[in-house]
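The following paragraphs lead the reader through a single structure. Please keep the sequence and the model in view while reading.

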Amino acid sequence: MAGADSGVEPESVRSLLDLLSSKGDIVGGTLCGAGGGGFLALLASKGKTSSDIKATVDTAMRNGNINDLDSFSWHSCTVSEDGLVVGIVGA
């Protein structure tokens, strides 16, 4: 979000985003949070799964095409198709 020349995006993150975009695994991604405790949120391309994305990253790491991902951990999530639902408890 801050831009490619801002200096706030680690090289490993830029490399990862470029790789996944070029392979068609994602349509976008951004860093959320700060100070080493943030998240890299990725939006998978239609038909792609977290397993597909992990496979691309694993292959790139084995081939030495991408480095410095040892501190990354993977988490899956989905988008709720119901949206926010509010209810009254105990009514």
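The largest nonpolar core has eleven residues, namely V13, L16, L17, L19, L20, I26, I53, V57, A60, I66 and L69. A nonpolar core is here a set of buried Ala, Val, Leu, Ile, Met, Phe, Trp, Tyr and Cys residues joined through side-chain atoms within 4.5 Å. Buried stands for a relative accessible area under 20%, exposed for one over 50%, and partly exposed for values in between, with a 1.4 Å probe and protein chains only. Helix α1 gives the most to this core, with five residues, and α1 and α2 each supply at least two.

The model is predicted, so that local features need a pLDDT of at least 70 and side-chain atom pairs count only at pLDDT 80 or more, while totals for chains, interfaces and linings use all residues. Residues are numbered from 1 along each chain as its sequence is written, and side-chain values use heavy atoms, with hydrogens and water left out. Helices (H or I, at least four residues) and strands (E, at least two) are DSSP runs, numbered from the N terminus.

Helix α1 has twelve residues and reaches 16 Å from its first C-alpha to its last, close to the 16 Å expected at 1.5 Å a residue; the expected span is 1.5 Å times one less than the number of residues. Its buried residues are S12, V13, L16, L17, L19 and L20. Seen down the axis of α1, these residues fall within an arc of 165°, so they line one face of the helix. The arc is that of the directions from the helix axis to the C-beta atoms. On the other side of α1, E11 and S22 are exposed. The buried residues of α1 pack against β1, β2 and α2, where contact means heavy atoms within 4.5 Å.

One of these buried residues, L20, touches D25, I26, L42, I53, T56 and V57, not counting residues up to four places away in sequence. Its neighbour S21 is also placed in helix α1, but S21 counts as partly exposed at 41% relative accessibility. A polar atom of the S21 side chain lies 2.9 Å from the backbone oxygen of L17. S21 and S45 are 24 residues apart in sequence, and their C-alpha atoms are 9.1 Å apart in space. Just after α1, G24 takes a positive phi of about 80°.

The second helix, α2, covers residues 50-62; at 1.5 Å a residue its 13 residues should span 18 Å, and its end C-alpha atoms are 18 Å apart, which agrees. I53, T56, V57 and A60 are the buried residues of α2. They cover an arc of only 95° around the axis, which puts them on the same side of α2. The general geometry fits such a pattern: an α-helix has 3.6 residues a turn, so residues three or four places apart point the same way. The face of α2 turned away from its buried side carries the exposed residues S51 and R62. The buried residues of α2 pack against α1 (11-22), β1 (26-32) and β2 (39-44). Just after α2, G64 takes a positive phi of about 75°.

Attention may now turn to D25, which sits in the loop between α1 and β1. Is D25 buried or exposed? D25 is buried, with a relative accessible area of 2%. Its contacts, not counting residues up to four places away in sequence, are L20, A44, S45, K48, D52, I53 and T56. With T56, D25 makes a polar contact from side chain to side chain at 2.4 Å. A polar contact is a pair of N or O atoms within 3.5 Å; within protein, one must be able to donate a hydrogen and the other to accept it, and residues adjacent in sequence count only if both atoms are side-chain atoms.

The charged pairs complete the account. The count comes to two salt bridges, each defined as a side-chain nitrogen of Lys or Arg within 4 Å of a carboxyl oxygen of Asp or Glu. The side chains of D25 and K48 meet in one of them, at 3.2 Å from N to O. D25 lies in the loop between α1 and β1 and K48 in the loop between β2 and α2, so the pair ties together parts that are 23 residues apart in sequence. K48 counts as partly exposed, at 33% relative accessibility.

D18 forms a salt bridge with R14, the closest N and O atoms being 2.8 Å apart. Being four residues apart in helix α1, D18 and R14 are separated by about one helical turn. D18 is partly exposed, with a relative accessible area of 41%, and R14 is partly exposed at 30%.
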